[in-house]
Amino acid sequence: MKKYLLAAALVMASTSAMADRLVSGSSDSFLGGWDSKAEACESAKIQAEKGRWDTEQVESFSKCDCDKNSHGKWSCSVDAKLEKMH
């Protein structure tokens with residue numbers, strides 16, 4: 001019985017250690033924004049990827065949330081779901 005409890009505890013511990021993590025990225029820049037919505041979204045994705053550790057990879061990105069500022073420039077934010085690499 002103790003073997004089974006120990007095995008179950010090890011499975012639960014390894015599962016929680018491999019849990020996914022969420023990081024955010026934003027295309028905000030000192031230039032005041034981007035002319036293109038696509039460029040702003042790509043910039044936000046790059047910023048989100050910079051939040052990952054060496055042992056993680058991007059599993060997926062959320063849809064970019066973009067707005068235009070008063071100068072007609074785009075700014076976007078996005079979330080990246082990260083997963084542990086095996």
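A residue is called buried when its relative accessible area is under 20%. This tour of a predicted model returns to that term at several stops.

**The whole chain**

Begin with the protein in a cartoon display. Two helices and four strands should appear, and along the sequence they follow the pattern α-β-α-β-β-β. Next, display the surface. The protein exposes about 6400 Å², of which carbon and sulfur atoms supply 57%. Of the 86 residues, 20% are buried. Contacts across the chain also deserve attention: among contacts with a separation of 6 or more, 63% are between residues 24 or more positions apart.

**The nonpolar core**

Now select V23, A40, C41, A44, A48, C64, C66, W74, C76, V78, A80 and L82. These twelve residues form the largest nonpolar core of the protein. Two elements, helix 2 (37-49) and strand 4 (74-84), each give two or more residues to this core. Which of the elements provides the largest share of the core? It is strand 4, with five residues.

**W74 and its surroundings**

Select W74, a member of this core, and show the residues around it. Apart from neighbours within four places in sequence, W74 is in contact with S27, G33, W34, D35, S36, K37, A40, C66, D67 and K68. Two residues of that list, A40 and C66, can be kept on display, as A40 and C66 also belong to the core.

**C41 in helix 2**

Move to C41, which lies in helix 2. Is C41 buried or exposed? Its relative accessibility is 14%, and C41 therefore counts as buried, the limit being under 20%. Select S27 as well and draw a distance between the C-alpha atoms: S27 and C41 are 6.8 Å apart in space, although 14 residues separate them in sequence. Leaving out neighbours within four places in sequence, the contacts of C41 are C64 and C76.

**The first disulfide stop**

A disulfide is a covalent bond between the sulfur atoms of two cysteines. How many disulfides does the protein have? The count comes to two. Show C41 and C64 as sticks to find one of them, with an S to S distance of 1.8 Å. The torsion about this S-S bond is about 80°, so the disulfide of C41 and C64 is right-handed. C41 is in helix 2, whereas C64 is in the loop between strand 2 (56-61) and strand 3 (65-68), so the bond ties together parts that are 23 residues apart in sequence. C64 is buried, because its relative accessible area of 16% falls under 20%.

**The second disulfide stop**

Select C66 and C76 next. A disulfide joins this pair as well, with an S to S distance of 2.0 Å. The torsion about the S-S bond of C66 and C76 is about 110°, so this disulfide is right-handed. C66 lies in strand 3 and C76 in strand 4, so the pair ties together parts that are ten residues apart in sequence. Both C66 and C76 are buried.

**Both bonds together**

To finish, display C41, C64, C66 and C76 at once. With the bonded cysteines counted along the chain, the disulfides follow the pattern 1-2, 3-4. The four cysteines are also among the members of the largest nonpolar core, which brings the tour back to the earlier selection.

Definitions and conventions: Residues numbered from 1 in each chain as written. Predicted model: local features only at pLDDT ≥ 70, side-chain atom pairs only at ≥ 80, totals over all residues. Heavy atoms only, no water. Buried < 20%, exposed > 50% of the residue type's maximum accessible area, 1.4 Å probe, protein only. Contact = heavy atoms within 4.5 Å. Areas by Shrake-Rupley, 256 points an atom, 1.4 Å probe, with all protein chains shown as cover. Core = buried A, V, L, I, M, F, W, Y, C linked by side-chain atoms within 4.5 Å. Disulfide = S-S within 2.5 Å.
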